[in-house]
Amino acid sequence: MSSAGIRRRGRVAGLRGRTDAPAISSRTWQRPPSHFTRDMATDVALDMGWGRLVFGHTFTDQRDVVDALRAEETGERDIAMYVREPQVLVGLAPHELFMDPSITFRLDLARYRPPRDRNPDVFVRMVRERSELEDVNRLYAANGMVASDPDVMWANHRTRTFTYLVAEDTRTREVVGTVTGVDHVLAFGDPDGGASLWCLAADPQAAPRGTGEALVRVLAERYVARGRAILDLSVLHDNDGAIALYRRLGFRPAAPVVVKRKNPINRPLFAPQPEQLGELNPYARIVADEALRRGVRVEVTDAPSGEMRLTYAGRSLLTRESLSELTSAVAMSRCDDKRVTRRLLAATGVRVPRAVELAPDPLADTGGLAAAERLIAETGPVVVKPARGEQGKGITVGVADGQALRRAVAEASANCPDVLVEEFVAGQDLRIVVIDHEVVAAAVRRPAAVIGTGTDDIRTLVARQSRRRHAATGGESTIPLDATTEAVVRDAGYSLDDVLPRGERLEVRRTANLHTGGTIDDVTDDLHPDLVDAAVAASRAIGIPVTGLDLLVPDVSGPEHVVIEANERPGLANHQPRPTAQRFLDLLFPETRRVQG
């Protein structure tokens, strides 16, 4: 390090703990004396992979900050921090720039105190391998954040200026959280001795409680150990959960504001939004956001059902989540009745399970029940389901005798008078999304499960995981604490009041339906070509432009499969970061493909 750098570090250390000396980054309305910033680098912009951090107070001319933001790459989000007189900066290019509706929070690291007890379920560490940066991007996608270039992150990670941390669930060893730190002293010789926190994200499905807090604390403690004085961050004004966390850890609002460029990614932050947009569920909102990004007009016609009118160049289409007017009533009816679906697929050579169709008033259909019992004798346990229905309601899996068959038929017929009894095919529950007869995404769906802490009973674990799924899906997914859950837990040898051993994973539902707490793992890149062909053939047989095909497969990388049903309104939001919403808008308004930048 140069002698100037050594002097800078000495001055920084002397400032720590002083409350009578405001940081230069807090004095946004004036420029500090030149002798105070003589060792500070100028015109600093750091590439983060998702965009650049433009440190406004290192620029001597506001017009250079404008030029830096104009150089933003397509699909990225640059952020200008510590801008002096931000209103002047925006005034230089009012049609291009805006002040972000976020709040800067600052932690005085001299006053930081570590927790008395560490969270035993979370271990925070540095990124070790480049492959872990794919996990980081997965977490970004799950939280609606801009993806980052792994090559840029890996190159950054090999310097001390950047700190990439990940959080592991100690029970499963899975990466469930991440945060990034930037050392301002190493980046540009910050006389304040500062650092900043960026991209805090936790897995909304799997992260244990306290993951975010553990990440923030470890990052703060690393900068305390380096002798840094302050840790800054920027958070949107309406992110109540994050703001509550930061306040609890000792962060306080600070003066700096953020300036960004008016680009499609930032559009929701500076442009008027359609009425009732915030009332849409995640499955409709992902479509609305993609439409707005492309300049398609969005009118919410019925928020509870996710219905919208999308208009572009004088052409309008009604949509309800991923269902649109391009799906015919006939195609929709074919998906609605599982008996029709399987007949159409079987006729075109698509593999389906053996099945028995019961007549209306199925408990009185003695011939049908006898045929169903013969199916049990020939194939083993069966699945009993309503011929019409969704969200896994009325489905019983693993019916193995006549008495259980009648109970399952009664439950199914309570949801629909027409009942289907199908051969039970063991395997992974695979959902393939097909748009315009092309496979866009695929995911293995897994039944709701909890992981033992060694101290909490199963009832508490289920309620906690249900709250997490509810929050992650905007209320669309919860785990019912009902007789079915109790029966599944009992069949595994436990009661709801038993304490599950630490690290043990327990499935608490038999079906992998997302509405009853199921989770999904993306497997798009692993699909065997035969599975892709089967999904496309099924979509063509039904004659439907958008569908979610449900298959049972021993292995997604192998050819074996059966198709069990088709959904006319698949949840596109469940498959991020796959471009499901993008392909849906391509289908609706193909002329907007050219304005996706």
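Helix axes here are lines fitted to C-alpha atoms over the stretch in contact, and angles run from 0 to 180 degrees between N-to-C directions. The model is predicted.

**Exercise 1. Packing of H11 and H12**

Task: Find the angle at which helix H11 and helix H12 pack, classify it, and list the residues that make the contact.

Solution.
- Step 1. Helix H11 covers residues 329-336 and helix H12 covers residues 338-347.
- Step 2. Two packed helices are described by the angle between their axes and the distance between the axes.
- Step 3. For H11 and H12 the angle is about 100 degrees, and the axes are 5 Å apart.
- Step 4. Angles of 65 to 115 degrees count as roughly perpendicular, so H11 is roughly perpendicular to H12.
- Step 5. H11 contributes Arg 334, Cys 335 and Asp 336 to the contact, while H12 contributes Lys 338, Val 340, Thr 341 and Leu 344.

**Exercise 2. The two sides of H8**

Task: Determine which residues of helix H8 are buried, how they are arranged around the axis, and what they pack against.

Solution.
- Step 1. In H8, residues 240-248, the buried residues are Ala 242, Ile 243, Leu 245 and Tyr 246.
- Step 2. Viewed down the axis of H8, these buried residues fall within an arc of 160 degrees, so they line one face of the helix.
- Step 3. On the face turned away from the buried side, H8 carries the exposed residues Asp 240, Gly 241 and Arg 248.
- Step 4. The packing partners of the buried residues are strand S5 (102-108), strand S9 (194-202), helix H7 (211-225) and strand S10 (230-236).
- Step 5. Gly 250, just after H8, has a positive phi of about 105 degrees.

**Exercise 3. Span, cap and cover of H10**

Task: Compare the span of helix H10 with the expected value, then describe its ends and its buried residues.

Solution.
- Step 1. H10 runs over residues 282-293, which is 12 residues.
- Step 2. From its first C-alpha to its last, H10 reaches 16 Å, close to the 16 Å expected at 1.5 Å a residue.
- Step 3. The N-terminal end of H10 is capped by Asn 281, with a side-chain oxygen 2.9 Å from the backbone nitrogen of Tyr 283.
- Step 4. After H10 comes Gly 295, with a positive phi near 85 degrees.
- Step 5. The buried residues are Tyr 283, Ala 284, Ile 286, Val 287, Ala 288, Glu 290, Ala 291 and Leu 292.
- Step 6. Their cover includes helix H9 (267-270), strand S13 (297-302), strand S14 (307-312) and H18.

**Exercise 4. Leu 588 and the approach to H18**

Task: Place Leu 588 in the structure, decide whether Leu 588 is buried or exposed, and identify its contacts.

Solution.
- Step 1. Leu 588 belongs to helix H18, residues 580-588.
- Step 2. Its relative accessible area is 0%, so Leu 588 is buried.
- Step 3. Leaving out residues up to four places away in sequence, Leu 588 touches Leu 310, Arg 315, Leu 317, Thr 319, Ser 324 and Leu 326.
- Step 4. Leu 588 and Thr 311 are 277 residues apart along the chain, and their C-alpha atoms are separated by 9.9 Å.
- Step 5. The loop between strand S27 (562-567) and H18 contains Pro 577. A cis peptide bond joins Gln 576 to Pro 577, with omega about 10 degrees.

**Exercise 5. The surroundings of Thr 58**

Task: Locate Thr 58, classify its accessibility, and state which backbone atoms its side chain reaches.

Solution.
- Step 1. Thr 58 sits in the loop between strand S2 (52-55) and helix H2 (62-70).
- Step 2. The cut-off for buried is under 20% relative accessible area. Thr 58 has 3% relative accessibility and therefore counts as buried.
- Step 3. The side chain of Thr 58 reaches the backbone nitrogen of Val 44 at 3.0 Å. A polar atom of that side chain also lies 2.7 Å from the backbone oxygen of Phe 55.
- Step 4. Beyond four places in sequence, Thr 58 touches Met 40, Ala 41, Thr 42, Asp 43, Val 44 and Phe 188.

**Exercise 6. Positive phi outside glycine**

Task: For Tyr 82 and Cys 199, give phi, location and burial.

Solution.
- Step 1. Tyr 82 has a positive phi near 55 degrees, and Cys 199 has a positive phi near 60 degrees.
- Step 2. Tyr 82 is in the loop between strand S3 (79-81) and helix H3 (86-92), whereas Cys 199 is in strand S9.
- Step 3. Tyr 82 counts as buried at 3% relative accessibility, and Cys 199 counts as buried at 15%.

How values were computed. Residues numbered from 1 in each chain as written. Predicted model: local features only at pLDDT ≥ 70, side-chain atom pairs only at ≥ 80, totals over all residues. Heavy atoms only, no water. Buried < 20%, exposed > 50% of the residue type's maximum accessible area, 1.4 Å probe, protein only. Helix = DSSP H or I, 4+ residues; strand = E, 2+ residues; numbered from the N terminus. Arc of directions from axis to C-beta. Contact = heavy atoms within 4.5 Å. Expected span 1.5 Å × (residues − 1). Polar contact = N/O pair within 3.5 Å; in protein donor to acceptor, adjacent residues only side chain to side chain. Parallel < 35°, antiparallel > 145°, perpendicular 65-115°, else oblique.
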